Amino acid sequence: MATMQAVSRVQPTSTIYNSQLLRFGVKALVTLFTLMILFVYLLPLGNMILVALSSQAQLSQTADDSVIPTLPVTFEYQGEQYDIYRVPTENGIRELALVDPGRRSSEFIDPANPDAGLIGWEGNWRVLEPVARVSLEWNNFAVAWDSINFPRLFTNTLIIAITGMIGTLLSCICVAYAFARFPIPGKNYLFIILIGTIILPSQVTLIPTYAFFAAIGWTNSWLPLIVPHFFANAYNVFLLRQYFMTLPRELDEAAMIDGAGPLKVLTSVIIPQSWPVIIAVSVFHFVWAWNDYFGPLIYLIGRPDLQPVSVGVQVFNFQYGPRQELVQATSMMALILPVIIFLLAQRVFMRGVVVTGVEK
Amino acid sequence: MTIAQNTSTAGVSSAQARRGERTIEQRQRVWGWVFLSPWIIGFLAFTLFPMLASLYFSFTDFRIGEPITFVGLRNWQRLFEDANTVNALGITFRFALISVPIVIGFPLLLATLLNSKVLLAKPIFRVLFYLPYMVPAVSGIFIWQSFLNGQTGWLNRLLRLVGIAEPPNWLFDPRSLTFGLVLIGLWGVGNAMLTMLASMQGVPTELYEAAEVDGATPFTKWLRITLPMISPVILYNLVLSVIGLMQYFIVPYVLSNTTRSNPETNFFNLNLYRTAFQFGEMGFASAQAWFIFIIALVLTIAIFWTSNRWVYYSGEGR
């Protein structure tokens, strides 16, 4: 790309028409190159969709090279089903139903005009190309939906994600408010510790936390997946604090002069101005909770009825490994909601990623 | 960088408070601690205390529901004697060496393209390149497993189409497994791409204009201006990806559960999970956890230490 840009600058004195043409060419080339990368990058999604729409029989035909799931087209003649082939004749290629296959010559019937009787054709019928039509097996989704009990997994995930989201919002807003507005001794050191927890490998706290939840009888319940979110986390506090710092203090002070306490300032001055960042944190948490696998895996191992989508899909796909069309259908069902939420909230979402990633 | 900002605002607010009554500042402080308390409690309960407890457990023989017995350094000694653990460390490091340049280089390429003046429809490209990052990890693994299938996977069909007669059986052949895992990891670069892109967009245009006056080619500008200016973000992503690889779990776990339990996917964190939750050896697993924590800490410090040489902080920082 860099060299292509260089080409466009070779002759700065050339006519405007030429340089515009060159610029357009460069744009087209760079865009085409990016499009090719994007195509390959998203190709696994295409693979997923078309496998999810194939029937078991189509996938078991290893010799079948077609990418799009198809079925042979047949024609019913005198109570029997016959496959249709493309047959080269003197009138061009015709689509005819093969009634009597033979190595030297075969008998066909014209589906458009069956009353005309059998049509003879000289040649080996095996060289003929069968006519196939696209056949999408939408039923896979229904089968997967029922056998995985998707509504239950979905409800479990929603409960875990939304209660955790409430916890993370309540706690992170309070903590970010404290960091943004209050004179706390040693605040800078506390903030460094907070940020430091981002790069702490989670294994180092895993076993005692697990042992603790086991000791108080919380394993095989949702509590270990929800309660910790009521105690704030570094990413979201950072994101909220950065936003709160940009809000003018004059409004806080005006409210305080009117007799508002710190809690009133938070609820009626800070929060109403912060909807974009609050939405970003909510979406972050929802997507994170939807994706979370390790927590549910260790805490809900004995309770399949409580498991969320992530673990449910994995367990199901482990059992149904050979049924690739169902595996891909469940994978697709599990990704649709986060992807839709992202597409709807992509502006605030990507803005939030940038704030936590660049400003630190 | 933010720390400096923080100091000044804290200074201002305490100065403002000092003008008022002393009791107001004291009350403000109390309120501050109240609002801070969720994190303080959470940090003590879910970070600091468990960290210290797992350090203690690493010197014990500990199983859930059984009395804890102190065994001194035996678990730590086992780290270097247990073949599985030693292998797991080797697998993790070898994978990190191959994977890190790619999970930094690929988003850098994408960000460069998305930042380029000559790319059309940038917002659409940005959303679509970020999209796979939104795919839940479990789904992503199954999707890639199908895509990388030696016979029917689209990747190998594509490779056969362009003339590669015998493409590798990515996830089954131990020789190509690492590259299969690297390919799966490509869907995880969304955040790195966005942060690099945002950082590139923040580079002052005067720098490029000055370089153009001096007759710099686009590649020179990229190498001498863009790259140094975004180096803090590269550093941040480098640290995060190294820490992330030390915790690499879900991909090898799901693959070894669905394809076959091959020793090549026994990454350190998967080995730790098996030690703790399949064999119930919480003490030995705690020693492994602290060991990988120390390694991650040393690597992070080493990266920051070398960063003086290659990371450029402009002015007083942003």
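Strand β5 of chain A, residues 105–109, is joined by four bridges to strand β6 of the same chain, residues 119–122, and the two run antiparallel. Within this pairing, in what is a predicted model, F108(A) stands opposite I119(A) of β6(A). β5(A) also pairs with strand β4 of chain A, residues 92–100, through three bridges, and here too the strands run antiparallel. In that second pairing D100(A) lies opposite E107(A) of β5(A), and the connection between β4(A) and β5(A) is a hairpin in which four residues separate the two strands. As a general point, side chains in a regular strand alternate between the two faces of the sheet.

From the strands one can turn to the nonpolar cores. The largest of them has 148 residues, and those with the most contacts inside it are V175(A), A176(A), Y177(A), V237(A), L240(A) and M193(B), a list that includes residues of chain A and one of chain B. Helix α5 of chain A, residues 150–181, gives the most to this core, with 13 residues. A closer look at V175(A) shows what surrounds such a position: leaving aside residues up to four places away in sequence, V175(A) touches A232(A) and V237(A) in chain A, together with F35(B), L36(B), P38(B) and W39(B) in chain B. A second core, separate from the largest one, has 10 residues, among them I84(A), Y85(A), L96(A) and L128(A).

The contact between the chains can also be described as a whole, with 83 residues taken from chain A and 89 residues from chain B. On the side of chain A that touches chain B, helix α2 of chain A, residues 16–52, gives the most, with 15 residues. The residues of that side of chain A divide into 55 nonpolar, 24 polar and four charged.

Another helix of chain A, α14, spans residues 309–319 and is mostly covered, since eight of its 11 residues are buried. The buried positions of α14(A) are V309(A), S310(A), V311(A), G312(A), V313(A), Q314(A), F316(A) and N317(A). In an α-helix there are 3.6 residues a turn, so residues three or four places apart point the same way.

For chain B, finally, the domain assignment gives domain 1 as residues 17–57 and domain 2 as residues 75–310. The C-alpha centres of these two domains of chain B lie 36 Å apart.

How values were computed. Residues are numbered from 1 along each chain as its sequence is written. Chains are lettered from A and ligands numbered from 1 in the order in which they are written. This is a predicted model: local features need pLDDT of at least 70, side-chain atom pairs count only at pLDDT 80 or more; totals for chains, interfaces and linings use all residues. Domain bounds come from an automatic or database domain assignment. A residue is buried if 20 or more other C-beta atoms lie within 10 Å of its own, exposed if 12 or fewer, and partly exposed in between; C-beta atoms are placed from the backbone. Two residues are in contact if their C-beta atoms, placed from the backbone, lie within 7 Å. Ala, Val, Leu, Ile, Met, Phe, Trp, Tyr, Cys and Pro count as nonpolar, Asp, Glu, Lys and Arg as charged, and the others, Gly among them, as polar. Two strands pair if DSSP finds at least two bridges between them. A nonpolar core is a set of buried Ala, Val, Leu, Ile, Met, Phe, Trp, Tyr and Cys residues joined through C-beta atoms within 7 Å.
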